[in-house]
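Biologist: I would like to walk through this protein with you. Can we take it one question at a time?

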Amino acid sequence: MSTKLHNYLQGAWVPHDGVGIPQFDAIDGTLISTCGSEGLDYSAILHYARKVGGPALRKMSFQERGRMLKALALFLNEHKEKYYTLSYRSGATRADSWIDIDGGISTLFAYASLRRKLPDTRWYLDGEAAKLSKEGSFIGHHLMVPKHGVAIHINAFNFPIWGLLEKLSANLLAGMPAVVKPSEVTSYLSEIMVRDIVTSGILPAGAVQLVCGSGVGILDDLCEQDVVTFTGSASTGQQLRALPSIIQHSVPFNMESDSLNAIVLGPDVEPGSPDFDLFLKEIRREMTAKTGQKCTAIRRIFVPGDRIEAVQNALSKMLAQTTLGDPRTEGVRMGALVSKTQQQEVRQQVEKLLQNSTLAFGNLDQFEVLGADKAKGAFFAPILLRNDQPSKYTNTHQIEAFGPVSTLMPYHDLAEAIELVNLGKGSLVSTIATADPRFAQEYVMEAAPYHGRILILNEASAKESTGHGSPMPLLAHGGPGRAGGGEELGGLRGIKHYLQRTAIQGHPTMLGQITEVYQVGGAQPEAEIHPFRKYFEDLLIGETLSTHKHTVTESDIINFANLTGDHFYAHVDETALEGTPFERRVAHGYWILSKAAGMFVEPRKGPVLLNYGLEECRFTKPVYPGMTIGVRLTVKEKIAQEQRDENDVPKGIVKWLVEVFDQTNETVAIATILTMVRKKVEEG
């Protein structure tokens, strides 16, 4: 790679002006590259994203954007070894880089898969329709559409690839372009990946731009349609969040900052037990992974007072086995901090913590390094501190050493443990090691308001647990208070940061035509031919099949009970109905649904391939022998599916509204069923 990083702006790679900011190898101190952002025209950069990238993405449906993410994830996965090779220079081991590189690509895959939960449209209906009038001719719904601005992502140095991809996953699926500003300390890793993204040609022009330098001024030209995400120190985030451009335009600012995450040993966990060993292993992993440079790393360890010596001794033995050095050297378990500057900052923070704590394990100066010169690299040995009076000496709950540093503290009972944990004033994650559900329940109820995530660690889930420090794509990542008050990821929740939720009101027919989803109370034109005889493309939203009628008999109910084995008393024993809502023997709900299917299904072979499932179902009125029922089958929504390969049948999923009504035209059951329906022609 060039020693002079380029910014990717307005469709071109542009070298930085001036001397630039040097980026050094964390292992040997040699120069990797320089980066800079002096003189950049951020107004033009953001304008390009809004006017070129935004319209291109908004022309695509959620399904198309999801397939785009999948293609990009597959492409990057084929090229990931070059990222691993370069990542060693940041001080990361292969295992550390796996979190960053494979973790980032996996997030792309996860968000690509979320397309299955989204419509094949450029908009998204949120929640259920609201009936706003007595007769149902006036309703409301929440519609979500992509904002017309740009997402500015300001990322931290510790995850230059995961931070890039986890944020892009959400805004690209939502249909919003991004300008990414990675940390100038490790932007060389972000740049190499963005080069591959650009080379792939998978994303439309303007979807992603990259600023590798400090990015001073990048937030000066924001508008009301933009979104800013920030990952980094709390002090920097607070300064940015207070900028006039943020406040004046009410720009959403999602902040994820450092936090003093905690782990608690439950009183039920005895030394030497499997859960005790899991507790220790989790701490060691979180102290040494990425050399402790994780926003989710464990900084505070709380244990029952009578077990603090056992924990200190056992944990010290485990940490003593951690070998430091060049991550490319065989046997090395932990690399270096990202830079000499970071090394000095961590040391200063440890010295502040030592004012009220003692050194339980480790040494700031005396430690060995394998395969490298300790003086040239940014190495820092694991440090375990001990604070025996955590309620009195509270700097442990205020100062974070962003490296392989954690503090051990005692607690006396559950109430004190919760109080001490919450002194962190907002964390990304905490863990409790316990198999006691009562302890876990009370902890969760009282600690949850202070945490974005809580892990319950014990032997039952340990085999498959992703651990304390791993944010998952389908779960929210963020936390209150000191942790920034923001939220990323969380599955579909993540894309909603880039969508505008707008309430739309009108007649059900009009809202159905706008949203391409049938709204109850809307027009239901009678199908001229059976809908099951139509291909996917020919089905029209709202078209309805009204079936023949059927008068329910006692034999129907008895035969269904004998067939299924469902002899629930309300269906078979009329003498047992006193004190129930039923007047007499009542038909099974599932008989009603089964009979409805028998009434609306077209038996001949046609475009309908199979029943794909049942999305919702309610039984709204008892059905007794002698009542007559009919069915209305309405096309509710259509979702196209991509072909897995050239031999796959071109098809889509059709959602049908099934309304079962009685002789008074009252609804007795309502359901949404899904079928897979063949398309007329292959996608080309």
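Biologist: Is leucine 609 buried, partly exposed or exposed?

Modeller: First, a caution: this is a predicted model. Leucine 609 sits in strand β24, residues 608-619. Its relative accessible area is 34%. Buried means under 20% and exposed means over 50%, so leucine 609 is partly exposed.

Biologist: Which residues form a nonpolar patch on the surface with leucine 609?

Modeller: The patch has about 260 Å² of accessible area together. Leu609 belongs to it, and its partners are Leu610 and Tyr612.

Biologist: Now histidine 477. Is histidine 477 buried or exposed?

Modeller: Histidine 477 lies in strand β19, residues 476-477. Its relative accessibility is 3%. The cut-off for buried is under 20%, so histidine 477 counts as buried.

Biologist: Which residues is histidine 477 in contact with, leaving aside its neighbours within four places in sequence?

Modeller: Contact here means heavy atoms within 4.5 Å. With the neighbours within four places left out, the contacts of histidine 477 are Trp162, Glu256, Cys295, Thr296, Leu428, Pro471, Gly486, Glu487, Glu488 and Leu489.

Biologist: On to charges. How many salt bridges does the structure hold?

Modeller: Side chains of opposite charge can pair when their charged atoms come close. In this structure, the number of salt bridges is 36.

Biologist: Take aspartate 196 and lysine 82. How many residues apart are they?

Modeller: They form a salt bridge, with the closest N and O atoms 3.2 Å apart. Aspartate 196 is in helix α6 (residues 187-200), and lysine 82 is in helix α3 (residues 80-87). The pair links distant parts of the chain, and the two are 114 residues apart.

Biologist: Is lysine 82 buried, partly exposed or exposed?

Modeller: Its partner, aspartate 196, is buried at 8% relative accessible area. Lysine 82 has 35% relative accessibility. That value falls between the cut-offs of 20% and 50%, so lysine 82 counts as partly exposed.

Biologist: Which residue forms a salt bridge with arginine 386?

Modeller: Arginine 386 counts as buried, at 12% relative accessibility. The partner is partly exposed, with a relative accessible area of 44%. The closest N and O atoms are 2.8 Å apart, and that partner is aspartate 388.

Biologist: Glutamate 602 and arginine 604 also meet in a salt bridge. Is arginine 604 buried or exposed?

Modeller: The N to O distance in this bridge is 2.8 Å. Glutamate 602 counts as buried, at 14% relative accessibility. Arginine 604 has a relative accessible area of 54%. Exposed means over 50%, so arginine 604 is exposed.

Biologist: Let us turn to pockets. Which element gives the most to the lining of the second largest pocket?

Modeller: This pocket has a volume of about 1,200 Å³. Of its 50 lining residues, the closest to the centre are Phe157, Ser183, Val185, Ser233 and Gln342. Elements giving two or more residues to the lining include β10 (227-232) and α7 (234-241). With seven residues, the one that gives the most is α11.

Biologist: One more topic, the backbone. Where is lysine 425 found?

Modeller: Phi of lysine 425 is near 60 degrees, a positive value in a residue other than glycine. Lysine 425 also counts as exposed, at 60% relative accessibility. Its place is the loop between α12 (414-422) and β17 (430-433).

Biologist: And what is the phi of asparagine 665?

Modeller: Asparagine 665 is in the loop between β26 (651-661) and β27 (667-678). It is not a glycine, yet its phi is positive, at about 70 degrees.

How values were computed
Residues numbered from 1 in each chain as written. Predicted model: local features only at pLDDT ≥ 70, side-chain atom pairs only at ≥ 80, totals over all residues. Heavy atoms only, no water. Helix = DSSP H or I, 4+ residues; strand = E, 2+ residues; numbered from the N terminus. Buried < 20%, exposed > 50% of the residue type's maximum accessible area, 1.4 Å probe, protein only. Patch = residues over 30% accessible without salt bridge, like charges linked within 9 Å, V, L, I, M, F, W, Y side chains within 5 Å. Areas by Shrake-Rupley, 256 points an atom, 1.4 Å probe, with all protein chains shown as cover. Salt bridge = Lys/Arg side-chain N within 4 Å of Asp/Glu carboxyl O. 1 Å grid on protein atoms, 1.4 Å probe; cavity = no way out; pocket = protein on both sides within 12 Å on 5 of 7 lines; lining within 4 Å. Points joined across faces, edges and corners; volume = space filled by probe spheres on them.
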